[in-house]
Amino acid sequence: MSAVPAMPQAESSTAGHPSSGDGARGLLRFLTCGSVDDGKSTLIGRLLYETSAVYDDQLTALADDSRRVGTTGGDIDFALLVDGLEAEREQGITIDVAYRYFSTARRSFIVADTPGHEQYTRNMATGASNADLAILLIDARKGLLTQTRRHSVIVSLLGIRHVVLAINKIDLVGFDEKRFNDIVADYRVFAEKLGFLGIEAIPLSARFGDNISTPSISTPWYKGPTLLGHLETIDVREAGDDGPFRFPVQCVNRPNLDFRGFSGTVAGGRVRVGDAVVAAGSGKTSQVARIVTFDGDRPEARSGDAVTLVLEDEIDAPRGEVFAATKHRPIVATRLAARLVWMADEMLVPGRSYNLKIGTRVVPATVRAIRHYLDVETLAEVPVVSLGLNAIGLVEIETLVPVAFDPYAENNQTGAFILIDRFNNATVAAGMVAQPLGATNVYRHGFDVDRAARAAIKHQRPLVLWFTGLPGSGKSTIANLVEAKLNALGRHTMTLDGDSLRQGLNADLGFDPPSRTENIRRVGEVARLMTEAGLVVLCAFVSPFRADRDRLRERFAPDEFVEIFVDAPPDLCAERDPKGLYAQAKEGKIAAFTGIGQEYEPPLKPDLHLDASLPDPEALANQVVEKVETLLLGAELSAETSAGL
Amino acid sequence: MLSTEPHSGEIPSTAPASAKAGSGRLSPHLAWLEAQSIHIIREVAAEFRKPVMLYSIGKDSAVMLHLARKAFFPSKPPFPLLHVDTTWKFREMIAFRDAMAAHYDWELLVHVNEEGLRRGVSPFASGSAVHTQVMKTEALKQALDAGGFDAAFGGARRDEEKSRAKERVFSHRTASHAWDPRNQRPELWHLYNTQIAKGESMRVFPLSNWTERDVWHYIAAENIPVVPLYFAAERPVVERDGALIMVDDERFPLRPGEQPQLRTVRFRTLGCYPLTGAIPSQAQTLEDVIAELDSSSVSERQGRVIDHDGGASMERKKREGYF
């Protein structure tokens, strides 16, 4: 796991500059987490102030703000230095991730300031994804809170191995050593399972500056470092930092016919000129001929370096391909188990398709199953069927085409991904690969060729067009025209209609309400099998009961079932009466005929509402085709994006 | 009005070279920042249909252009430069801009809000707020719409100002260029979500994690040319409301009794000359500038008149589409 990317040479060329912050330790990125009133913003403000990162004009503005909206009664309120946006200043809370910068003679720092209240887990995960260390704030008066546990678990899940337990407001408990020791002991018991390499506990007062950069005279019993002293000296690099070579291709660099390079950032390990590398996706191998940069060729590139590789052989490697060490290749698979932090208001429900971005690759992917939800307070693993906003769970994911990855625990770059909503483009989840689901998995066989694969070779995605309406409203006429038009457009379709099914599969069913319900259920299951085959299925059924249609919809993915209401007034339908059924019903020859003797329940929110009172089925069919092509085209565009170019 | 500027002349002699400048060896921290910025710039080129790089001619832009050249070497950056010209920039900035574009042989688009010009909008006639709104914010939207750009690079840094600290590296804008600080996409690891709907766009800030000190140390290490206004020289200034304003051309309306004084000054940030305060300084070289910065006790934006329009004025401007 790479904490601080290894950097080439030049350790202290600027040493001696008091604020250049380029000492031997390089950069430290950390995040701060705590509950609303733990004094987190005050601590960051204090750190900025004590490292001279606050200028006089900012201090003047701060003093001014403190008098106006401060909560410290006239004293300077350091929290106001960092609470940036208008809305949160008014509410007195931080609502987002904010990044702050300061440096000392020994080191440069980037602070991710993340909020404490529980509905913002996503922001904490965001801050933690780019941090090497976490400061957990604890109010000395309150001790360990649910929030502290929750934050610790998230920090641990994101792979952070170093934490500082900042026990703040120590002045408010009379600088009590026993209180401090009790909290630390509690925490160590709790954190045993979280895999931290180091836990440094420091008694602080952010408001008054105790143990921030100078040892406090009020805590003579505390012999450890000050907060700043600890941050300046801690080594967060790990022995396994270098790992096997990984290089996701960002773009192919081809200024002319004589030069063909692959540009990208090394995402693990190192590479030297002459090294054998493999394109993980295609399996093609070559050797590194040159490592090109603007500043001249280099003999070697390491994790974090942005370079351009030129290979000995001409092999094809588009954006999204991953070059790797031939002897330590990444996993290439379509199925994987991963931890997800769900970040959208809309629930995660298995079966829906998203775009998955891993490295420089974007591919359509489906969450196949949720194995469990992780209760971050008790660490219990609870079986669930959906994940809500800020929930963390272990899920099974399947990608449309094979992708290269490593377990997150082995490489936090090639093992991390995000899920993107294909319709509103929101980032809905952060994912960390746990392991591949490979040949040993019992489900493997069933997934070899699946609905996505079957639909993909037809260049479409499966859809069910469900036409509902009174007998004689024009459902079959319109469905027939729609299928002809789709067929002409090269779509693979199938039509199911009541008459043909009732002569075979449903020959045992009558027209009483339970039989009608069973009729619709069977039609739905047949349609579902056909969507498994990748088809666009047209179904023209009176289907008078709303509950039956709603149940049908639940059997399909949210964007797969298209309910089309063919709406014509009963009088008109009776007048059209293409099969002479209205006439027979009126004569009493047909019992329970919909519209006469049995009610029709119109859809409340159909996906498409056709006004079938107009005698123009051609125009109505065009409306349906337009809707279908929009849906299919949307899917094609996403698939194109996912191809990487 | 979008026009491609004709190439003109040689690059002006700018940064008085110092003994240590251009040594080429970056500290680990600067090397990390450089690599991260290059990664971001490449992501944009790979994933967007038509990107453009905003060129404000200042020191941050200078670094951004340099990084873009590094990102695609030996190819040239696959996007043009765009300068939104308020017509009130320092004359030296405009000369420098044209010389840089010619020197790098880089396509430069210049846009002026002609409508604003016709209405007579200027910092003196309209005040800084209206001038900035019309000649910068509105002009920028016009230029982005006219060019059909779906991604625009900006040189803004998070350490400049509080509301910037929370903006993403990839910052989503609606079709009307609005920014919604409450509805930003989470940005994890180095995985940037670049998907947008038709008509929407992305503002991208490759220097997000750089500080003012990082920028100057990098300019020194890489020997990057910057506008000479950053270095101390005798310049004609008047003192107004506590700020030293340079009288850059004859449009400057002197008040009764006001007389430009020749003083040795330099600029810490650059913008429209009537809105940019100079600082008294003897810093004539990059090393002097860095030394002065290390001992400075005021922030760089202190010289910017537009930032003082109210406590949260930057956030408001950004929501309206300002960079």
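Me: What is the strand order of the open sheet of five strands in chain A, and is the pairing parallel or antiparallel?

Reply: In this predicted model, the open sheet of chain A runs in the order 23-24-22-25-28, and its pairing is parallel. Averaged over neighbouring strands and with direction ignored, the turn in this sheet is 20°.

Me: What makes strand 23 and strand 28 of chain A the edge strands?

Reply: Strand 23 (493-497) and strand 28 (608-611) of chain A each pair on one side only.

Me: How do you know that strand 23 and strand 24 of chain A pair?

Reply: Pairing requires at least two bridges between two strands. Strand 23 and strand 24 of chain A are joined in the parallel sense over five bridges, so the criterion of at least two is met. Within this pairing, Met494(A) lies opposite Val537(A) of strand 24.

Me: Where is Ser543(A) placed, and why is Ser543(A) called buried?

Reply: Ser543(A) is in the loop between strand 24 (536-540) and helix 13 (546-554) of chain A. A residue is buried under 20% relative accessible area; the value for Ser543(A) is 3%, and therefore Ser543(A) is buried. An unreviewed UniProt entry carries the annotation "active site" for Ser543(A).

Me: Which residues does Ser543(A) touch, not counting residues up to four places away in sequence?

Reply: With residues up to four places away in sequence not counted, Ser543(A) touches Trp466(A), Thr468(A), Ile520(A), Arg549(A) and Tyr600(A).

Me: What makes the link between the side chains of Ser543(A) and Trp466(A) a polar contact?

Reply: The cut-off for a pair of N or O atoms is within 3.5 Å. The contact joining the side chains of Ser543(A) and Trp466(A) is 3.0 Å, so this distance satisfies the cut-off.

Me: Why is strand 20 of chain A described as mostly covered?

Reply: Five of the five residues of strand 20 (residues 416-420) of chain A are buried. Ala416(A), Ile418(A) and Ile420(A) point one way, whereas Phe417(A) and Leu419(A) point the other way, and all are buried.

Me: How do you know that strand 20 of chain A pairs with strand 16 and with strand 21?

Reply: The threshold is at least two bridges. Strand 16 (residues 353-358) of chain A is joined to strand 20 by four bridges, and strand 21 (residues 427-436) of chain A is joined to strand 20 by five bridges; therefore both pairings qualify. Strand 20 runs antiparallel to strand 16 and antiparallel to strand 21. The bridge partner of Lys357(A) in strand 20 is Ile418(A), and that of Phe417(A) in strand 21 is Gly431(A). Strands 20 and 21 of chain A form a hairpin with six residues between them, and Asn425(A) in the turn has a positive phi of about 65°.

Me: How do you know that the span of helix 3 of chain B agrees with its number of residues?

Reply: The expected span is 1.5 Å times one less than the number of residues. For the 14 residues of helix 3 (residues 91-104) of chain B this should give 20 Å, and the end C-alpha atoms are 20 Å apart, so the two agree. Just after helix 3 of chain B, Asp105(B) takes a positive phi of about 55°.

Me: What covers the buried residues of helix 3 of chain B?

Reply: The buried residues of helix 3 of chain B include Met93(B), Phe96(B) and Tyr104(B). Their cover includes helix 2 (59-72), strand 3 (81-84) and strand 4 (108-111) of chain B.

Key: Residues are numbered from 1 along each chain as its sequence is written. Chains are lettered from A and ligands numbered from 1 in the order in which they are written. This is a predicted model: local features need pLDDT of at least 70, side-chain atom pairs count only at pLDDT 80 or more; totals for chains, interfaces and linings use all residues. Side-chain values use heavy atoms; hydrogens and water are left out. Buried means under 20% relative accessible area, exposed over 50%, partly exposed in between (1.4 Å probe, protein chains only). Contact means heavy atoms within 4.5 Å. UniProt positions are given in the numbering used here, feature names are shortened, and annotations may be inferred rather than shown by experiment. A polar contact is a pair of N or O atoms within 3.5 Å; within protein, one must be able to donate a hydrogen and the other to accept it, and residues adjacent in sequence count only if both atoms are side-chain atoms. Axes are lines fitted to C-alpha atoms, for helices over the stretch in contact, and angles run from 0 to 180 degrees between N-to-C directions.
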